[in-house]
Amino acid sequence: MRAMILKTPGVLEPGDVDKPVTEDGNVLVRVANSGICGTDLEIYSGGIPVDYPRIMVHEMIGEITETADPGVAVGSRVIVDPVMACGTCYQCRAGQNNLCLVGGLIGRDRDGGFADFVSVPAGNVYALPEEIKNKEASLLQVLTTCVHAQQLGPAIPGESVVVIGLGVTGQLHVQLAKESGASPIIGITRSAWKRNLAESLGADATFAPGDALKSHVLDLTDGRGADLVIECAGRVATLALAIELARIGGRILNFGTYTETEGKLPFYQLYYKELLIINARAAKGDDYPSSIDLVKKGAVELQPLISHEMPLDDLSKALGTLESSSTDSMKIILQH
């Protein structure tokens with residue numbers, strides 16, 4: 001079968017590999033569409049080490065062509081949950097399978113979906129309704145992580161929410177906060193294009209970072225600051241900003257992935273404000289049906305978050321586009 005193979009960091013080559021074997025409890029999925037995220041870029045650059053050669057990507061949808069599980073039908077159109085769990089460790093028994101110590105991630109710890117076919121556990125696929133088209137469905141995996149995060153740190157009806165960073169996940173958090181009944185919802189990013197998009201998807205106001213930012217937030221929150229700040233940029237500086245914008249007794253939901261190992265934070269403000277800080281990682285299986293329902297009923301829009309569509313053969317070009325951090329770049333969807 002055709003596959004895009006990462007030989008070493010930065011060296012990606014097309015090639016032919018054996019089609020995966022459908023083992024007990026697994027299904028074979030013919031991949032229709034996949035989506036690139038920051039994790040793929042980090043694996044590609046060597047920032048996240050993997051065993052080489054590796055077929056990347058964990059955001060994928062497709063059709064089941066073979067099954068070793070009688071409960072899953074051939075021909076089903078499905079989204080793949082890429083999180084693998086053992087089911088027996090302490091985390092799994094505590095209902096935290098997304099934190100399994102001996103599991104892994106498809107596309108990082110085993111071959112993923114930058115290929116014609118991928119083999120996955122039968123329990124890791126969820127049927128897609130006709131209302132959700134293929135290219136949009138690839139974004140459902142990202143949505144599940146946001147849904148999971150807001151279950152840990154919920155947006156409460158009538159409370160104010162600030163979202164820092166309006167990339168794909170920030171735009172999803174804006175929509176989820178809106179669906180939850182939070183108000184006002186304030187988005188923050190340097191990109192005017194992304195601010196306009198957030199306002200079209202439910203943000204009540206958006207601002208660029210700057211000297212007047214805190215004043216704007218205070219004006220919109222009756223002088224208190226935000227009840228909930230969702231930090232999606234994954235930088236120490238933006239975490240410091242979240243601490244500054246949260247009200248006394250407020251909450252911070254850390255959603256961005258932090259790779260910096262040092263930086264300055266207003267630690268006294270953490271104490272003085274008695275802030276609750278919530279961290280979220282990945283998603284659970286239960287987050288897939290609820291995410292699918294949100295999109296099916298129109299509460300969350302995925303199509304506006306797609307900025308590029310490319311064939312799988314243009315994967316290197318797509319990674320370069322993502323790496324350039326262009327202000328008009330959001331989600332890149334690959335067609336297989």
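## A walk from H4 and H10 to H1

Start by selecting helix H4 (residues 140-152) together with H10: their axes come within 9 Å and cross at roughly 110°. That makes H4 roughly perpendicular to H10, since angles of 65 to 115 degrees count that way. Bear in mind as you look around that this is a predicted model.

Now show the side chains where the two helices meet. On the H4 side, pick Leu140, Gln141, Leu143, Thr144, Val147, His148 and Gln151; across from them in H10 are Asp287, Tyr288, Ser290, Ser291, Ile292, Leu294 and Val295. Colour this contact by class and you get seven nonpolar, six polar and one charged residues.

Next, slide along H10 (residues 287-296) to Lys296. Is Lys296 buried or exposed? Neither, quite: Lys296 is partly exposed, because its relative accessible area is 45% and the partly exposed range runs between 20% and 50%. Leaving aside residues up to four places away in sequence, Lys296 touches Pro129, Glu131 and Ile132. Try a distance from Lys296 to Glu130 too: their C-alpha atoms are separated by 8.9 Å, though the two are 166 residues apart along the chain.

Last stop: helix H1 (residues 38-45). Select Asp40, Leu41, Ile43 and Tyr44, which are buried. These residues cover an arc of only 160° around the axis, so they sit on the same side of H1. What lies over them? Turn on strands E1 (2-8), E2 (11-16) and E3 (26-36) plus helix H11 (315-323), which are included in what covers the buried residues of H1. Finish on Gly46, which follows H1 and has a positive phi, near 95°.

Key
Residues numbered from 1 in each chain as written. Predicted model: local features only at pLDDT ≥ 70, side-chain atom pairs only at ≥ 80, totals over all residues. Heavy atoms only, no water. Helix = DSSP H or I, 4+ residues; strand = E, 2+ residues; numbered from the N terminus. Buried < 20%, exposed > 50% of the residue type's maximum accessible area, 1.4 Å probe, protein only. Contact = heavy atoms within 4.5 Å. Axes fitted to C-alpha atoms, helices over the stretch in contact; angles between N-to-C directions. Parallel < 35°, antiparallel > 145°, perpendicular 65-115°, else oblique. Nonpolar A, V, L, I, M, F, W, Y, C, P; charged D, E, K, R; others polar. Arc of directions from axis to C-beta.
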